[in-house]
Amino acid sequence: MSADEKRNEQVEEELNETGQAEQADAGAEAGEAGQEGSELEVLKAKLQEYQEQALRAQAEMQNVRRRAEIDVEKAHKFALEKFVKELLPVADSLEKAVESTEGHEDAGELVASIREGVEMTLSLFMNSLKKFNVEQVNPVGEPFDPQQHEAMSMVPAPDAEPNSVVAVVQKGYLLNGRVVRPAMVVVAKAES
């Protein structure tokens with residue numbers, strides 16, 4: 001081999017080594033870029049996950065707040081329920097007192113004045129209950145509603161609609177639309 005050939009081989013080897021080194025550097029840079037790209041994707045995925053968690057937490061807080069508001073509203077609306085239940089026998093007694101004097105108009109002035117006093121007391125009492133959204137349920141002639149009425153018995157009533165209320169044994173009461181005491185009723189039986 002001549003000196004020129006040796007030089008050419010050395011130059012080729014150097015070029016090959018330089019090319020391999022450049023390729024290695026390019027590969028390393030590409031690997032780093034790939035690594036940076038994959039890290040970026042991981043970070044983006046985590047960011048997305050944390051944003052979703054934050055949205056869920058915010059929605060959950062709104063739901064908790066809304067439920068608490070509803071609970072407070074119900075507490076205000078129905079706080080008097082126990083008190084009203086305790087007063088209902090008083091209304092029943094006053095009504096029975098008025099009913100017991102019916103047909104005794106000829107018994108004298110004393111009975112008439114007592115009846116008048118009881119009627120006024122009952123009227124005043126019922127007006128006071130109405131101020132607090134307490135409604136009386138007297139469903140005579142209405143269809144039977146198991147959510148507001150309690151059937152005491154069923155009787156044949158040819159002149160009434162089947163499953164309608166024929167008589168009321170005890171009146172029911174509602175507080176803000178909620179049943180405090182169901183009306184105890186007698187229901188018309190369907191003819192067979």
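Select Asn133 to begin: Asn133 is partly exposed, with a relative accessible area of 42%. The coordinates belong to a predicted model. Asn133 occupies the loop that runs between helix H3 (109-131) and strand E1. Its phi is near 60°, which is a positive value in a residue other than glycine. As background, most residues other than glycine have a negative phi.

**The whole chain**

Zoom out and colour the model by secondary structure. The protein has 3 helices and 6 strands. Read from the N terminus, the order of the elements is α-α-α-β-β-β-β-β-β. Of its 192 residues, 18% count as buried. With the surface displayed, the protein exposes about 14,400 Å², and carbon and sulfur atoms supply 54% of that area. Among contacts with a separation of 6 or more, 64% are made by residues 24 or more positions apart.

**The antiparallel sheet**

Next select strands E1 (residues 134-137), E4 (residues 172-175) and E5 (residues 178-181). They form an open sheet in the order E1-E4-E5, with antiparallel pairing. E1 and E5 stand at the edges with a single partner strand each, so one side of each has no neighbour in the sheet. On average, neighbouring strands here are turned by 35° against each other, direction ignored. Strands of a sheet pair through backbone hydrogen bonds.

Now show helix H2 (residues 81-100) together with these strands. H2 packs on the sheet and touches E1, E4 and E5; the direction of H2 makes about 55° with that of E5.

To follow the pairing, begin on the E1 side of E4. E1 and E4 are joined by 4 bridges in the antiparallel sense. Two positions are worth labelling: Glu135 stands opposite Leu174 of E4, and Val137 has Gly172 of E4 as its bridge partner.

Then move to the E5 side. E4 and E5 pair over 3 bridges, again in the antiparallel sense. Here Tyr173 has Arg181 of E5 as its bridge partner. The hairpin of E4 and E5 has 2 residues between the strands, and Asn176 in this hairpin takes a positive phi near 55°.

Before leaving E4, display its side chains. Which residues of E4 point one way, and which the other? Gly172 and Leu174 point to one side, Tyr173 and Leu175 to the other, and all are buried. In a regular strand the side chains alternate between the two faces of the sheet.

**A charge over a ring**

Select Arg178 and Phe78. The charged end of Arg178 sits over the ring of Phe78, 3.7 Å from the ring centre. A search for aromatic pairs returns none, as the structure holds 0 of them.

**The mixed sheet**

Select strands E2 (149-156) and E3 (165-170), and add strand E6 (residues 183-189). These 3 strands form an open sheet in the order E2-E6-E3, and the pairing is mixed. E2 and E3 are at the edges, each with a single partner strand, so one side of each is left without a neighbour in the sheet. Neighbouring strands of this sheet are turned by 30° against each other on average, direction ignored.

Keep E2 and E6 in view. The two strands run parallel and are joined by 7 bridges. One position to label is Pro156, whose bridge partner in E6 is Lys189.

**Two loops around E2**

Select Asn163, in the loop between E2 and E3. Asn163 has a positive phi of about 65° although it is not a glycine. Is Asn163 buried, partly exposed or exposed? Asn163 is partly exposed, with a relative accessible area of 45%.

For the final stop, select Glu142, in the loop between E1 and E2. Glu142 is partly exposed as well, with a relative accessible area of 41%. Which residues does Glu142 contact, leaving aside its neighbours within four places in sequence? They are His149, Ser164 and Val165. To finish, draw a distance between the C-alpha atoms of Glu142 and Glu161: these residues are 19 residues apart along the chain, and the atoms are separated by 9.1 Å.

Conventions
Residues numbered from 1 in each chain as written. Predicted model: local features only at pLDDT ≥ 70, side-chain atom pairs only at ≥ 80, totals over all residues. Heavy atoms only, no water. Phe/Tyr/Trp six-rings, centres within 6.5 Å; stacked < 30°, edge-to-face > 60°. Lys NZ or Arg CZ within 6 Å of the ring centre and 35° of its normal. Pairing = 2+ DSSP bridges. Axes fitted to C-alpha atoms, helices over the stretch in contact; angles between N-to-C directions. Buried < 20%, exposed > 50% of the residue type's maximum accessible area, 1.4 Å probe, protein only. Contact = heavy atoms within 4.5 Å. Areas by Shrake-Rupley, 256 points an atom, 1.4 Å probe, with all protein chains shown as cover.
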